[in-house]
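This briefing walks through a protein model, one topic at a time. Keep the sequence and the structure in view while reading.

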Amino acid sequence: MPFGPASRLGVSLFEETPPLEWVPGLSEEEAQTLIKAVYRQVLGNAYVMESERLTVPESQFKRGELSVREFVRAVAKSDLYFSRFGDTPRYRFIELNFRHLLGRAPNSYDEMKAHSAILDAGDFEAEIDSYLDSDEYQNTFGENLVPYIRGYKTEALSHMIGFTHTFQLVRGASTSSLKADLAGKSPKLNSLVINATPTPVVPPGTTFRNPPVSSRVRLGVGASEEGKVYRIEVTGYRANAVNRVSKFRRSNQVYLVPFDKLSEEYQRIHRQGGVIASITPV
């Protein structure tokens, strides 16, 4: 296992595992690998007993009657999924759906409200469909890719808020969505999303709690109007050019950034080929 930022933050397995894709002519063993990957992603890495498996959708998938996306839909709409996550509070259920079906945390309160409105109508299946039928799902995974955790990556057009919040939902490949977290079934991101507050990106532990909603206050030069400043540690700098020659003397850089400049700095780091290792309040 490499001892870079991915291993320190508990996402090395996701970083090292290439996306799994259905292709024509898969063997029985390869089809079973895809089926297990769907269960692992959609059920948040929870253990699935043999008696709990969805034998009919599995058979349909193996015969080519269901695409990967439709098999994901069958698992997400099943009693198995609802029995594990359906009794969680409203916003916890929504943030877990984002994790399981889109591989990221919600980016804004508007996203949370939109999905809450669907659940207000009492339509659990429509809530699941809203993720799987979205342009984002189609553009990212299409019909044949198994969904995967992607919100920890510094992707173009992604959000700083969602990037830091992903580490609140994904705490290493050995934990499941509802375990290794003292929050249990309580919402983890509700107040953080409402206030558009990024969180410290810290290594996973055996147990952990939500960080404070507000950072500590810094006054004087370099502070924003609200006095909030964050420390961004960046690694893996390289030039976004053909020769890949870095224009930085060192691969690791540290920046102190006011809260209101976080998004701008995040985009600049991404354009210059950097990888964000941690974000913490100072």
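**A three-stranded sheet and its surroundings**

Ile 232 has a bridge partner in strand β3, namely Ile 279. The model is a predicted one. The points below start with the sheet around this residue, then turn to ring pairs, salt bridges and one buried glutamine.

**The sheet**

- The sheet is open and has 3 strands, in the order β2-β1-β3, with antiparallel pairing.
- Strands β2 and β3 are the edge strands with a single partner each, so one side of each has no neighbour in the sheet.
- On average, neighbouring strands of this sheet are turned by 25° against each other, direction ignored.
- Strand β1 covers residues 229-235, and 5 of its 7 residues are buried, so the strand is largely enclosed by the rest of the structure.
- Between β1 and β2 (residues 253-258) there are 6 bridges, and these two strands run antiparallel.
- Between β1 and β3 (residues 275-281) there are 6 bridges, and this pair of strands also runs antiparallel.
- On the β2 side, Ile 232 stands opposite Tyr 255, while Arg 231 has Leu 256 as its bridge partner.
- In a regular strand, side chains alternate between the two faces of the sheet.

**The helix across the sheet**

- Helix α13 lies across β1, β2 and β3, and runs at about 155° to β2.
- Within α13 (residues 262-271), Glu 265 and Arg 268 are 3 residues apart, which means they are separated by about one helical turn.
- Glu 265 and Arg 268 form a salt bridge, with 2.4 Å between the closest N and O atoms.
- Is Glu 265 buried or exposed? Glu 265 has a relative accessibility of 14%, so it counts as buried.
- Arg 268 also has a contact with a ring: its charged end sits over the ring of Tyr 255, 4.9 Å from the ring centre.
- Tyr 255 is thus a residue to look for twice, since it stands opposite Ile 232 in the sheet and lies under the charged end of Arg 268.

**Aromatic pairs**

- How many aromatic pairs does a search of the whole structure find? The search finds 9.
- One aromatic pair is Phe 61 with Phe 71, which is stacked, at 5.4 Å centre to centre and with 25° between the planes.
- Phe 61 belongs to helix α4 (residues 55-62) and Phe 71 to helix α5 (residues 68-76), so this pair ties together parts that are 10 residues apart in sequence.
- Phe 61 and Phe 71 are both buried.
- Ring pairs also link Tyr 81, Phe 82, Phe 85, Phe 93 and Phe 124 into a cluster.

**Salt bridges**

- The structure has a count of 20 salt bridges.
- One of them joins Glu 125 to Lys 77, with the closest N and O atoms 3.9 Å apart.
- Glu 125 lies in helix α9 (residues 124-132), and Lys 77 lies in the loop between α5 and α6 (79-85), so the pair ties together parts that are 48 residues apart in sequence.
- Glu 125 is partly exposed, with a relative accessible area of 43%, and Lys 77 is partly exposed as well, at 22%.
- Another salt bridge joins Asp 120 to Arg 90, and here the closest N and O atoms are 2.8 Å apart.
- Asp 120 is in helix α8 (residues 109-120) and Arg 90 in helix α7 (residues 90-102), and the pair links distant parts of the chain, 30 residues apart.
- Asp 120 is exposed, with a relative accessible area of 57%, whereas Arg 90 is partly exposed, at 32%.
- Which residues do salt bridges with shared partners join into one network? The members are Arg 69, Glu 70, Arg 73, Lys 77, Glu 125, Asp 129, Asp 133 and Glu 143.

**A buried glutamine**

- Gln 41 is located in helix α3 (residues 28-42).
- The relative accessible area of Gln 41 is 8%, so this residue is buried: the cut-off for buried is under 20%.
- Leaving aside residues up to four places away in sequence, Gln 41 touches Arg 99, His 100, Gly 103, Pro 147, Tyr 148 and Ile 149.

Definitions and conventions. Residues are numbered from 1 along each chain as its sequence is written. This is a predicted model: local features need pLDDT of at least 70, side-chain atom pairs count only at pLDDT 80 or more; totals for chains, interfaces and linings use all residues. Side-chain values use heavy atoms; hydrogens and water are left out. Buried means under 20% relative accessible area, exposed over 50%, partly exposed in between (1.4 Å probe, protein chains only). Helices (H or I, at least four residues) and strands (E, at least two) are DSSP runs, numbered from the N terminus. Two strands pair if DSSP finds at least two bridges between them. Rings of Phe, Tyr and Trp (its six-membered ring) pair if their centres lie within 6.5 Å; planes under 30 degrees apart count as stacked, over 60 as edge-to-face and the rest as tilted. A charge sits over a ring if NZ of Lys or CZ of Arg is within 6 Å of the ring centre and within 35 degrees of the ring normal. A salt bridge is a side-chain nitrogen of Lys or Arg within 4 Å of a carboxyl oxygen of Asp or Glu. Axes are lines fitted to C-alpha atoms, for helices over the stretch in contact, and angles run from 0 to 180 degrees between N-to-C directions. Contact means heavy atoms within 4.5 Å.
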